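Hello,

Here is the structure I promised to pass on. Please open it alongside this note; my findings follow below.

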Amino acid sequence: MDSADEGRGRWALLVGIDRYPNFGQSWQLDGCVNDVGIMRDALIRQFSFSKDRMTVLLNEQATRDGILAAMEDLVGRVGQDDIVVVHYSGHGSQQTDGPEQDEPDGLDETLVPYDSGRIPKRNRDITDDEIHEWLQRLTARTPFVTLIIDCCHSGTIVRERKNRSIPADRRPHSELAVGAAGASKVLRGGGGAGASAGLPPTDRYVLFAACGSWQVANEIAVGAPEKVAHGVLTYFLVQELMAPGFQGATCLEIFERLSPRLRAECDTQSPQLEGAQHRQLFGVSKVEPMSYIPLLERERDRVVLGAGAVCGVTVGSRWNVYPPGTRSVSGPDAVASLGTVEIVTVASVTSEGKILDEIPRGAEILQGCRAVETVRCLKGARLAVEIVAPAGNSSAAALSRRIAGSRLLWQTRSGESAGGARVFLLGPGIRSQRVDSVPVLKELDLSQEIWATVDDYGELLIPTVPRCQPQALEMLAENLEKVALLRSVVEIRNDGSPLAGLIDFELLRLEAGRGVAPPLNETGQKIFQEGDRVVLEVRNRSPKPLFIYVLDVGLTGKVGLAYPDLGTGKLLEPGPPIQLGRRPGEELTLSIPEGFPLLRRVSEKGPVEGMETLKLFASTSEADFSVLFQPGFRLRSGVAKGLGEVLAAVSGGGGYGAMRSGDEDWTTVERSFLLRVRPSESPG
């Protein structure tokens, strides 16, 4: 147990249902009670959970009322920052979406209790909306919540193989026996505001789901001489928990180890991981992630990587490959590379590479390894940087060397930085005609030497950096690299796609529970203010269901995922518009970091504002965008988070990224808007 976990309460709710009296013999299951047994044993033996703080519901104990009462009891008993595990093993299903109309496919995902049924029996399913409301109150007390849902359609719930699926109940919502006016009322109550109340929603929990919301979960029989049934997710997860090399692995590291094993057993089932995936499993410590692409397959000297054109991967780029679970490739904790891969073909959400070299040392390049880009093949994919400094300046020479070693930057000669960046070294006595030609530079405090970077329009591109500040050149180069990545994300498009023009994407403001059009300025740009809650209105007019992702790629330099808000892709069916970000707990609230230096005032008494961009990706296959994510610009006092931190619902991909098809296709839509500081908060 990590020292940070000591002294915290540890609670568990374990539910296993094999028998369903309102369904026929073909719907009975074999492995759910077994799943609870091995999960209970692992929690006690490996993670110091005590029996008196475990609630176990099996078969007839796991009615709708019984499960809801146990969930409610958890909220009442859990202390601030305690550790909570909820494991459900049984049938999952779907039913007609309620009046909130927040499901892209028109169906709520559900857990199927022991006493639920289908026509003519009463539906007593527990919907994802009810679970969401309960989870809000539980995570207000503690952010250290882990959900393990081993059932069908579990991907957005925040098996002679049987599968754990009950047919969807498509009766009108008004005809369902249980609805929002029923037990939902029980789940809406208060609940103390603990330390997690100010965290983004998906930093407050972790969800391991057996499959995507559109898939079924399977049971397998394992062991000898007698075969014992288990859910595939639970079985492989517990194997990883009990492995000698577990040693405080993060949720993502565990997920990366179990996913290839699960998919080798059930290639139609894609497990999902949502939430604070960089936290230690059943613990509180967080490991800062590095940017990488998962290696999905290997055959001879060819590999498949889990990112493609939709994530900006290019033919000819080179990637170093590292062992599974690698946390750092530089500095004192760096792990040695296993070899190098060059990309030879790029599909929508995957790419194929050829192994150029492999260094044998008892480990080899295999499924589950991590690939880190080292060479980007196209000069145009990098940011052109011109350095404007006195001849022979040692700091300028050091910056030049740093740029030469960057995969995202390249240095130009004087006057050749069109579309790039000009970096000026300014200070007492350092003036030139070129400096005088950039008005914004005249407004800077030049009492000390500073690095100031401008774009083609003469506007500051990144925050200024004092030359004497420790690691000034590294901070400057890192911020330039973030601009390069930001621009490369904006430039990702697929104009020739048949899907182009068939996805409607609008930004609205949440008022009184509904999305309304924001005001426009004199040039027709949409205007939002700090504190506004943005609603994403999306419509799929194509003939295909599509996965929808929205990235925040704007103001602060941060690239993060604004939707899906729970970190798992969900299919948006063709049909009328759907509004995302309206449900309580999933609001997308806009903010600007205090004192952020890149805002501008359009006139002497005009508003202080900056430009923000949200970019929608629509794809026929799941995509993992984590290779594009980055923190905001480095400032003198830390990292600019602001709007990006609020909008970024996930710090990594929702699934394992291995869902590929022969007709992959994708398109993008961008929406920019002005984000203004509220007048009462505007400086000076």
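**The second largest pocket**

The second largest pocket has a volume of about 1400 Å³. Its lining counts 42 residues, and those closest to the centre are Asp-455, Glu-459, Leu-460, Leu-461 and Leu-598. Please keep in mind that this is a predicted model.

Which elements supply at least two residues each of that lining? They include helix H8 (439–442) and helix H9 (472–491). Strand E32 (600–601) and strand E33 (608–619) do so as well. E33 gives the most, with six residues. By class, the lining has 22 nonpolar, eight polar and 12 charged residues.

**Salt bridges**

The whole structure holds 32 salt bridges. Here are some of them.

Glu-609 and Arg-600 meet through their side chains in a salt bridge, at 3.9 Å from N to O. A cut-off of 4 Å applies to such a pair. The two ends differ in exposure class. Glu-609 has 2% relative accessibility, so this residue counts as buried. Arg-600 is partly exposed, with a relative accessible area of 39%.

Asp-41 and Arg-45 form another salt bridge, at 2.9 Å from N to O. Both sit in helix H1 (residues 32–47), four residues apart, which is about one turn of the helix. Buried or exposed? Asp-41 is in between: its relative accessible area is 33%, so it is classed as partly exposed. Arg-45 is exposed, at 57%.

Glu-240 and Arg-261 also meet in a salt bridge, at 3.0 Å from N to O. This pair links distant parts of the chain, with the two positions 21 residues apart in numbering. Glu-240 lies in helix H4 (residues 232–241), and Arg-261 lies in helix H5 (residues 251–265). Glu-240 has a relative accessibility of 7%, so it counts as buried. Arg-261 is partly exposed, with a relative accessible area of 33%.

There is a network too. Salt bridges link Arg-509, Glu-511, Asp-532 and Arg-678.

**Aromatic pairs**

How many aromatic pairs does the count come to? The count is eight. One of them joins Tyr-20 and Phe-23. Their ring centres are 6.2 Å apart and their planes stand at 80°, so the pair is edge-to-face. The cut-off for that class is over 60 degrees. Both Tyr-20 and Phe-23 are buried.

Phe-49 and Phe-282 make another pair. Their ring centres lie 6.5 Å apart, with the planes at 80°, so this pair is edge-to-face as well. Phe-49 and Phe-282 are both buried. Ring pairs also bring in Phe-47, giving a cluster of Phe-47, Phe-49 and Phe-282.

**A buried arginine**

Arg-370 lies in strand E17 (residues 370–375). Its relative accessible area is 4%, so Arg-370 is buried. The side chain of Arg-370 makes a polar contact with the side chain of Tyr-292, at 3.5 Å.

**Backbone points to check**

The peptide bond from Ile-119 to Pro-120 is cis, with omega near 5°. Where does Pro-120 lie? Pro-120 is in the loop between strand E5 (107–111) and strand E6 (126–127).

Asn-59 is not a glycine, yet has a positive phi of about 45°. Asn-59 lies in the loop between strand E2 (54–58) and helix H2 (64–77). At 8% relative accessibility, Asn-59 counts as buried.

Arg-300 also has a positive phi, about 55°, although it is not a glycine. Arg-300 is found in the loop between strand E12 (293–299) and strand E13 (302–305). Arg-300 is exposed, with a relative accessible area of 67%.

**One more residue in H1**

Ile-44 has its place in helix H1. Ile-44 is partly exposed, with a relative accessible area of 25%. Its C-alpha atom is 9.7 Å from that of Met-54, and the two residues are 10 apart along the chain.

Best regards

Notes
Residues numbered from 1 in each chain as written. Predicted model: local features only at pLDDT ≥ 70, side-chain atom pairs only at ≥ 80, totals over all residues. Heavy atoms only, no water. 1 Å grid on protein atoms, 1.4 Å probe; cavity = no way out; pocket = protein on both sides within 12 Å on 5 of 7 lines; lining within 4 Å. Points joined across faces, edges and corners; volume = space filled by probe spheres on them. Nonpolar A, V, L, I, M, F, W, Y, C, P; charged D, E, K, R; others polar. Phe/Tyr/Trp six-rings, centres within 6.5 Å; stacked < 30°, edge-to-face > 60°. Buried < 20%, exposed > 50% of the residue type's maximum accessible area, 1.4 Å probe, protein only. Polar contact = N/O pair within 3.5 Å; in protein donor to acceptor, adjacent residues only side chain to side chain.
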